[in-house]
Amino acid sequence: MNAFLILEDGHVFEGKSFGAQKEVICEVVFNTSMTGYLEVLTDPSYQGQGVVMTYPLIGNYGVCLEDIESEKPWHSAFIVREISRTSSNFRREEDLEDYLKEHDIPGICGVDTRAITKILREHGCMGGMITTNPDFNLDEILPKLKEYTVTDAVKTVSRTEKEHFNGDGFKVALLDLGTKNNIIRSLEKRGCDVTVYPADTTAEEILGDQPDGIMLSNGPGDPKECVQIIKEIKKLYDSEVPIFAICLGHQLMALATGADTEKMRWGHRGGNHPVKDLKSGRVYISSQNHGYVIKEETIDPDVAEVSFINVNDKTIEGLDYKNKNIRTVQFHPEACPGPQDTAYLFDEFMDRMKGAKNA
Ligand SMILES: NC(=O)CC[C@H](N)C(=O)O
């Protein structure tokens with residue numbers, strides 16, 4: 001069956017429908033990862049978004065459920081050049097198309113994803129619609145696409161119950177803003193005893209459990225939507241507990257301490273973003289997925305200093321907080337998908353917790 005991708009600027013792409021057959025409105029973004037489509041699909045930070053994969057063949061190694069980064073895929077739609085009709089891998093459990101059907105996610109294939117990506121790079125990310133109805137009326141649809149924004153993002157993806165993962169090492173509190181499993185795995189691998197808290201947990205409850213360290217996870221949506229969470233994070237900042245924050249967590253810590261964020265034109269989504277550690281001068285290749293960024297001029301130099309920048313566009317990729325045991329990064333040291341160059345930041349977090357305990 002034919003399907004259409006309609007962009008808010010009036011571009012229409014015709015392709016074939018796969019996965020669920022339903023009409024959705026979403027924010028259309030692109031991802032340049034060459035592998036790891038399942039990790040991309042199950043990263044909760046994509047909630048409300050339709051993702052264009054620039055890599056031309058998707059689904060060729062099927063669905064390996066060991067690789068999922070949360071309980072289910074969160075995309076509104078999946079947009080690919082070619083969906084592999086057969087899949088082969090020794091860990092494969094099913095075909096990607098069936099997996100998307102089970103989770104009611106519509107896909108469109110047979111569209112020129114490079115052309116779409118070029119449009120998004122020119123115009124910035126846009127509202128879009130996927131539909132199988134050929135009788136669409138652009139005059140009615142385009143205003144709806146223009147006003148689309150992702151809302152209630154963190155609330156939609158966060159756990160509603162506390163979850164505990166036993167370990168005999170440091171006691172880590174992880175605030176689930178839409179966490180990827182590999183943040184939990186990375187802590188477990190280092191022996192940590194991890195408690196994952198729903199996003200609406202108060203700082204008092206978290207601090208009352210006396211963690212050795214706190215992690216703020218990645219997550220979807222506009223960071224400024226998280227008004228109450230930001231207030232709780234300010235209280236965590238005021239405590240002396242070591243903190244490590246990733247992506248949305250990094251943005252929320254900045255907002256909690258007086259800095260501001262803004263929407264990027266097309267964001268960073270992929271597995272090959274170079275970031276530079278400003279202290280050592282060393283460049284790491286990082287995994288990224290974000291559409292917002294901290295505005296450099298709003299950072300109070302008495303509060304935080306920039307630790308990493310993106311080599312491509314010089315945007316802020318990390319902050320170290322002054323007189324605090326707090327490091328935050330915009331990129332994804334937990335990878336999945338993507339390079340693991342910056343996994344050492346988890347080891348560094350262990351060292352910071354150790355230092356705080358011995359102090
Ligand atoms: N991966 C994330 O945590 C993304 C953070 C935020 N939703 C953004 O798009 O910038």
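This report walks through a predicted model of one chain, from its overall build to its ligand and its listed active site.

## The chain as a whole

Let's start with the big picture. The chain's secondary structure adds up to 10 helices and 19 strands. Laid along its principal axes, the C-alpha trace spans about 65 × 45 × 40 Å.

How does that fit with a compact globule? For 359 residues, such a globule would have a radius of gyration near 21 Å, and the chain's 20 Å agrees with that. Buried residues account for 48% of the chain. As for contacts with a separation of 6 or more, 74% of them join residues 24 or more positions apart.

## Two domains and where they touch

The chain splits into domain 1, covering 2-150, and domain 2, covering 154-358. Their centres, taken over C-alpha atoms, sit 27 Å apart. Where the two meet, 25 residues of domain 1 are in contact with 24 residues of domain 2.

On the domain 1 side of that meeting place, strand 3 (24-31), helix 1 (37-41) and helix 3 (113-123) each chip in at least two residues. Strand 3 gives the most, with three. Sorted by class, this side of domain 1 has 11 nonpolar, 10 polar and four charged residues.

## Around the ligand

Now for the ligand. The residues surrounding it include Ser-45, Asn-218, Cys-247, Leu-248 and His-290. Strand 16 (residues 283-294) is the top contributor to this shell, with four residues. The shell's make-up is five nonpolar and seven polar residues, with no charged ones.

## The listed active site

An unreviewed UniProt entry lists Cys-247, His-332 and Glu-334 under "active site". These residues span 88 positions in sequence, but no two of their C-alpha atoms are more than 10.9 Å apart, so they gather at one spot.

Take Cys-247, which is also part of the shell around the ligand. Cys-247 sits in the loop between strand 14 (243-246) and helix 9 (248-256). It has 29 C-beta neighbours inside 10 Å, so it counts as buried. Setting aside neighbours within four places in sequence, Cys-247 is in contact with Ser-45, Asn-218, His-290, Gln-330 and His-332. That last partner, His-332, is itself on the UniProt list.

Glu-334 is in a loop too, between strand 19 (326-329) and helix 10 (344-358). With 26 C-beta neighbours inside 10 Å, Glu-334 counts as buried. Not counting residues up to four places away in sequence, Glu-334 touches Lys-180, Asn-182, Ile-183, Ser-186 and Ile-246.

How values were computed
Residues are numbered from 1 along each chain as its sequence is written. This is a predicted model: local features need pLDDT of at least 70, side-chain atom pairs count only at pLDDT 80 or more; totals for chains, interfaces and linings use all residues. A residue is near a molecule or strand if its C-beta atom, placed from the backbone, lies within 6 Å of it. Ala, Val, Leu, Ile, Met, Phe, Trp, Tyr, Cys and Pro count as nonpolar, Asp, Glu, Lys and Arg as charged, and the others, Gly among them, as polar. The radius of gyration is taken over C-alpha atoms; the globule rule is 2.2 Å times the number of residues to the power 0.38. A residue is buried if 20 or more other C-beta atoms lie within 10 Å of its own, exposed if 12 or fewer, and partly exposed in between; C-beta atoms are placed from the backbone. Two residues are in contact if their C-beta atoms, placed from the backbone, lie within 7 Å. Domain bounds come from an automatic or database domain assignment. UniProt positions are given in the numbering used here, feature names are shortened, and annotations may be inferred rather than shown by experiment.
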